[in-house]
Amino acid sequence: MRILKSKWHILVCLIITLIAYVPMFNAFAESSADIPKPKSNYSDETRCVEPVAIMRKQHFVYLLEHRDKTVIEGIRTTQYSLNACIDCHITPNAEGEFARYSDDTHFCASCHQFTAVNIDCFQCHADRPEEAIRKTRNPNTTVTAHTQEIHEYLQLGETQPH
Amino acid sequence: METTRFSSIDANSLQYWILLGGLALATLVGVLAAHHMDLEGHHISGMSNQIVWGFPHVAAIFLIIAASGALNVASISSVFGKTDYKPLARMSGLLAIALLVGGLAILVLDLGRPDLLIVAMTKYNFKSIFAWNIFLYTGFIVITVIYLWMMMERKMNKFIKVTGFAAFLWRLILTTGTGSIFGFLVARQAYDAAIMAPLFVIMSFAFGMATFILVLMASYKWTHRTLGDVMLSKLKNLLGIFVAAILYFVLAYHLANLYATEHHGIERFILLDGGIYTFLFWAGHIVIGCLVPLALVFIKPMSQSRGMTMLAAGLVIMGGIAQLYVIIIGGQAYPLVLFPGMEESSSFFDGVVAEYTPSIFELLLGFGGICLALAIVTVGIAILEFLPESLSDKALSLDSARSNSI
Amino acid sequence: MRYKLDLDIEEVNTDRRDFLRRAATVGGLAIAPGVILYQTGAAKPADQAVSSQQRWGMLVNTNVCQEDCDACVTACNEEHGLWDLGRPETDAQWIRKLNVKDKQTGHVTSLPMMCQHCENPPCVDVCPTGASFRREDGIVLVDKHTCIGCRYCMLACPYKARSFVHEPLQDQLPHSPRGKGCVESCTLCVHKVDRGDNNTACAEACAKDGHQALLFGDLNDPSSEISKQLKQHGGTQIRADLGLNTGVRYQGI
């Protein structure tokens, strides 16, 4: 613990930490420009389903509340449904392509990457609207090619046929 | 009563650090294997939609029931008043906790979503025997820790009998619960039998005792302490009785199944033509795990040799793993019967014996859990006073003479 | 951890409007006689919880189920985005074609096998976290938010109806979320049921191929086609000895 006794060392550590953070701010500034805008306003009165400031801070609270209602009680309102969020917020870029959650231009990823908050929603849930997913899912792809595709996406390397 | 001198072992030797380092390394490899399996998904394991529990579960359940059995020695001393075993009670508690932690670590790391473990800790379905087991396992650790504290803190010694009795009851319920994980499965031919619970209890007695004997012999040999023949032969004889009891319960289980025509399919599979499972049942479980150890333990001159006792304990462990392999994996490999008396076929392996070969990741995970348990013991005996300085015949007879006179 | 909202949630009522529109359509169909091919119960309003007034179920007529046809299986895979990854041991199958051969006579019955949506499901009994659950309307589901992937339900299921997702997935469909490390099974097309389709993908496919071997409906409604069929011709449960009171019934076995 001798190192902590010297104030000089602490100062150096602080500066290094600060410098390390600079690229992150930059990345955010750059990428936020590319993030597609939502499709439309939710209603004439509000842009999102709740005031934007509240959504930024509390969207997960709404999602959590709604998720149990949907799964257990079968309530299918769209106001706080994750699918509805995705449908509105994930829009194509100029080339007509939809970002995946693994891309930093994905609406959710853009913020979650920056704040380093890991979410597991998209391990199961669709990260793009259905039309976009149907486009990438080619039912004619052969089995092994499809497996390979998925593995390339996940960077798992070669697959051995079973 | 307090004549036994306990002391922590000397942890400054190179050998100690090599042992601990090796165990830690194996544990780490096990964790890495589990992590890899988690990243890639379980398809890289040998497990499938047919064999949903594989080698990790065999190793984990072995450790869990051995844990409950390891506490036996302590129970014998404080519940049944056999003071001869008292010097071993502390070690028995430590080994019980270590084995249970090792087993639970395997189970948790093999989950499909180990990251959701917090859910398992906060949301319970109280009809699930599995949920009861979560309480039984954590409760076992807590009770054993308290028990150890009562034993090691002189002021608390008066509570030994009460806590010892609580721990004894708890461990019986625990193994009943573990056996019932299988006993309560109505749909499977090999399970759905109430005898699973007592069978698992008696298996825990034997596997726990075998593990205890091996760990005790190794730790006394490596620390150059004296382990007398009297103590060892008591433990050895107990092991023999437990192994004989396993044979009895296994016989009762199979006889009941053989009587009912409904179960002839599964019996034929396990006893006659199940390939690896038949081999493991007869060669692994019955011969290596029961008959040979019985001979080594009870027939002269083998029964008088320490090496043979050690071998017997080792064989009981190997046979135990074979037995659990047959119960857990063999029970799943035999096809589920949807239409009794009919031949079933589908694209989902209906009506065919499921194939299973454990992958290297599963083996490493299972082995890692065992090493974690041993590492906990290795650390435990070095930092606290678990081991008596001497278990020589002379020290023991002195002990029991004094406690008898009190 | 539960988060409590300190806000009043006033749902903007678009869903109700949606529902009214849909209800009107269904009503219109019902007015024209002879148009209705299958029972069209009105969809419940989106903001209303399901209730035990319904018990959804399925009737399989094995007499008309063709041995060489797997239209139901293909439709299910397509509907829920289940991929064949070329690893039959670990690939998910929510519905499968099962051939049952009588050893004595050699007679073969072909039938689809899937989650039987039991009233007393063993999977729900054994699930440690309560992730396996039975919805009020009788549909047995896995709440993947609380499924820890222990696979005990797969051991407990008498019908081998469940699959474990053995690999990371991508491109899941919005209405059928599924992912690595969770157990899954037939949802009785719960998204379609809630939408008011009053049918499942497999039954639709079977009807489209002209076999009509699968009939979806409400077992609690005596006027539903499935209840009438069951009342008139009867239907058996598979492994009825277990007393599970399955929601899927079979004829001709």
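**Where chain B meets chain C**

In this predicted model, the side chains of Asp110(B) and Arg151(C) come together in a salt bridge, with 2.8 Å from N to O. This pair offers a friendly starting point for a look at the interface. In total, four salt bridges are counted between chain B and chain C. Polar contacts between the two chains add up to 30 residue pairs, with both partners at pLDDT 80 or more.

Several elements of chain B help to build its side of the interface. Helices H1 (14–40), H5 (117–122), H6 (129–152) and H7 (160–183), together with strand S3 (342–346), each supply at least two of the chain B residues that touch chain C. Of these contributions, the largest share comes from S3(B), with five residues. Sorted by class, the side of chain B that touches chain C holds 25 nonpolar, 16 polar and 10 charged residues.

Strand S3(B) deserves a second look. It is joined by five bridges to strand S2 of chain C (residues 95–102), and the two strands run antiparallel. Within this pairing, Glu344(B) is found opposite Val100(C), a residue of S2(C).

Stepping back to the interface as a whole, 51 residues of chain B are in contact with 53 residues of chain C. Between them, the two chains bury about 4,600 Å². Carbon and sulfur atoms account for 59% of that buried area.

Note on methods:
Residues are numbered from 1 along each chain as its sequence is written. Chains are lettered from A and ligands numbered from 1 in the order in which they are written. This is a predicted model: local features need pLDDT of at least 70, side-chain atom pairs count only at pLDDT 80 or more; totals for chains, interfaces and linings use all residues. Side-chain values use heavy atoms; hydrogens and water are left out. Contact means heavy atoms within 4.5 Å. Buried area is the accessible area (1.4 Å probe) that two parts lose on being put together, summed over both. A polar contact is a pair of N or O atoms within 3.5 Å; within protein, one must be able to donate a hydrogen and the other to accept it, and residues adjacent in sequence count only if both atoms are side-chain atoms. Helices (H or I, at least four residues) and strands (E, at least two) are DSSP runs, numbered from the N terminus. Ala, Val, Leu, Ile, Met, Phe, Trp, Tyr, Cys and Pro count as nonpolar, Asp, Glu, Lys and Arg as charged, and the others, Gly among them, as polar. Two strands pair if DSSP finds at least two bridges between them.
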